[in-house]
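This report describes one protein model together with its ligand. The text should be read alongside the sequence and the coordinates.

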Amino acid sequence: MKINIITLFPEIFEALNYGVLGQAIDREDIQINILNLRDYHMNKHGQVDDKPYGGGEGMVLMAEPLEKSLKDIPDDLLGRVINLSPQGKLLSHKKAKELSSLTCITIIAGRYEGIDERFISQYIHEEISIGDFILSGGEFAALALIDSLSRFIPGVIGNVRSVEQDSLSQGLLKGPVFTRPENFNTELVPEILLSGDHQKIEEWRENQALIRTFERRPELLQNIKLTKKQKKLLEDLASKRIL
Ligand SMILES: C[S@@+](CC[C@H](N)C(=O)[O-])C[C@H]1O[C@@H](n2cnc3c(N)ncnc32)[C@H](O)[C@@H]1O
């Protein structure tokens with residue numbers, strides 16, 4: 001996958017060079033092409049932003065340097081052009097998976113008050129928000145987007161089962177996990193995990209995932225088809241809650 005990023009702060013993307021993502025970039029499973037918006041300024045002052053028409057707070061990224069930078073990317077490598085914005089559609093597991101199947105995407109990381117609306121209407125295919133809060137720049141949202149979609153690219157995570165078992169992949173949150181020591185400040189690892197009975201451990205994990213989802217994100221349960229056993233467990237949990 002080829003990912004173009006248009007940004008005023010290319011250095012922030014050095015963070016991509018770590019962990020499994022860094023390894024995927026080294027192997028060229030993912031190719032990152034960063035364009036510094038400053039290189040596409042339109043006047044001798046290197047200006048890429050200006051005051052908003054009609055007055056008001058802050059500065060707005062100008063459409064012309066953005067257009068110029070976009071045109072510097074060969075047409076066949078441009079792919080879907082995404083603007084990161086708190087006004088976009090919320091990023092989800094499903095959306096990250098969908099984007100991972102594309103061969104090229106181009107991400108615009110905004111700053112200040114955002115970018116000229118005419119650039120959005122003429123060039124942007126999709127606007128994505130990473131949550132209902134405001135960041136000072138799209139770079140941090142871009143990092144989250146790239147990290148989340150890269151997990152679905154074959155080969156990025158060595159163990160495919162680990163991705164399949166992550167929270168949200170089957171519609172539920174994952175249950176708790178433990179590692180050594182068995183006793184941490186007198187709190188013990190659940191005995192079942194030490195039993196060596198793989199079937200029972202699997203059942204326990206499935207139940208824990210359901211319990212955790214019920215307790216923390218009950219709305220997720222509406223989107224999945226529950227087995228009879230799961231329905232029964234939920235009824236028990238719900239009645240305990242009422243009592
Ligand atoms: C301070 S924000 C601009 C917010 C804009 N004035 C508004 O009210 O919609 C600057 C940049 O940060 C990025 N950004 C801020 N919050 C974001 C979010 N929740 N998701 C994605 N990008 C975000 C966008 O690229 C945005 O252009």
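Nine helices and nine strands make up the secondary structure of the protein. The model is a predicted one.

The C-alpha trace spans about 70 × 45 × 35 Å along its principal axes. The radius of gyration of the protein is 23 Å, whereas a compact globule of 243 residues would have a value near 18 Å. Of the 243 residues, 21% count as buried. Among contacts between residues at least 6 apart in sequence, 75% join residues that are at least 24 apart.

The domain assignment gives domain 1 as residues 2-150 and domain 2 as residues 183-242. Their C-alpha centres lie 40 Å apart.

**Nonpolar core**

In soluble globular proteins, nonpolar side chains tend to be buried together. Here, the largest nonpolar core has 36 residues, and those that touch the most other members are L66, L84, I107, I108, A142 and L145. The elements that give two or more residues to this core are β1 (2-7), α1 (19-26), β4 (60-61), α2 (63-71), β5, α4 (93-100), β6 (104-108) and α6. With five residues, α6 gives the most to this core.

What is I107 in contact with, leaving aside its neighbours within four places in sequence? The partners are I3, N4, I5, I82, L84, A142 and L145.

**Ligand shell**

There are 19 residues around the ligand, and L84, G110, L135, G138 and A141 come nearest. L84 is thus named here as well as among the core residues that touch the most other members. By class, the shell has eight nonpolar, nine polar and two charged residues. Both β5 (80-90) and α6 (138-150) supply at least two residues of the shell. The largest share comes from β5, with four residues. β5 and α6 also appear among the elements that give two or more residues to the largest nonpolar core.

**Helix α4 and K97**

K97 lies in helix α4. Is this residue buried, exposed or partly exposed? K97 counts as partly exposed because it has 15 C-beta neighbours inside 10 Å, a count that falls between the limit of 12 or fewer for exposed and that of 20 or more for buried. K97 and E14 are 83 residues apart along the chain, and their C-alpha atoms are separated by 23 Å.

**Backbone features**

The peptide bond from R180 to P181 is cis, with omega near 5°. P181 lies in the loop between α7 (160-164) and β8 (183-184).

Further along the chain, N185 is in the loop between β8 and β9 (187-188), and T186 is found in that loop too. Neither N185 nor T186 is a glycine, yet each has a positive phi. N185 counts as exposed because it has 5 C-beta neighbours inside 10 Å. T186 likewise has 5 C-beta neighbours inside 10 Å and so counts as exposed. The backbone angles discussed above are listed below.

| Site | Angle | Value |
|---|---|---|
| R180 to P181 | omega | near 5° |
| N185 | phi | about 50° |
| T186 | phi | about 70° |

Terms used. Residues are numbered from 1 along each chain as its sequence is written. This is a predicted model: local features need pLDDT of at least 70, side-chain atom pairs count only at pLDDT 80 or more; totals for chains, interfaces and linings use all residues. A residue is near a molecule or strand if its C-beta atom, placed from the backbone, lies within 6 Å of it. Ala, Val, Leu, Ile, Met, Phe, Trp, Tyr, Cys and Pro count as nonpolar, Asp, Glu, Lys and Arg as charged, and the others, Gly among them, as polar. A nonpolar core is a set of buried Ala, Val, Leu, Ile, Met, Phe, Trp, Tyr and Cys residues joined through C-beta atoms within 7 Å. Two residues are in contact if their C-beta atoms, placed from the backbone, lie within 7 Å. Domain bounds come from an automatic or database domain assignment. The radius of gyration is taken over C-alpha atoms; the globule rule is 2.2 Å times the number of residues to the power 0.38.
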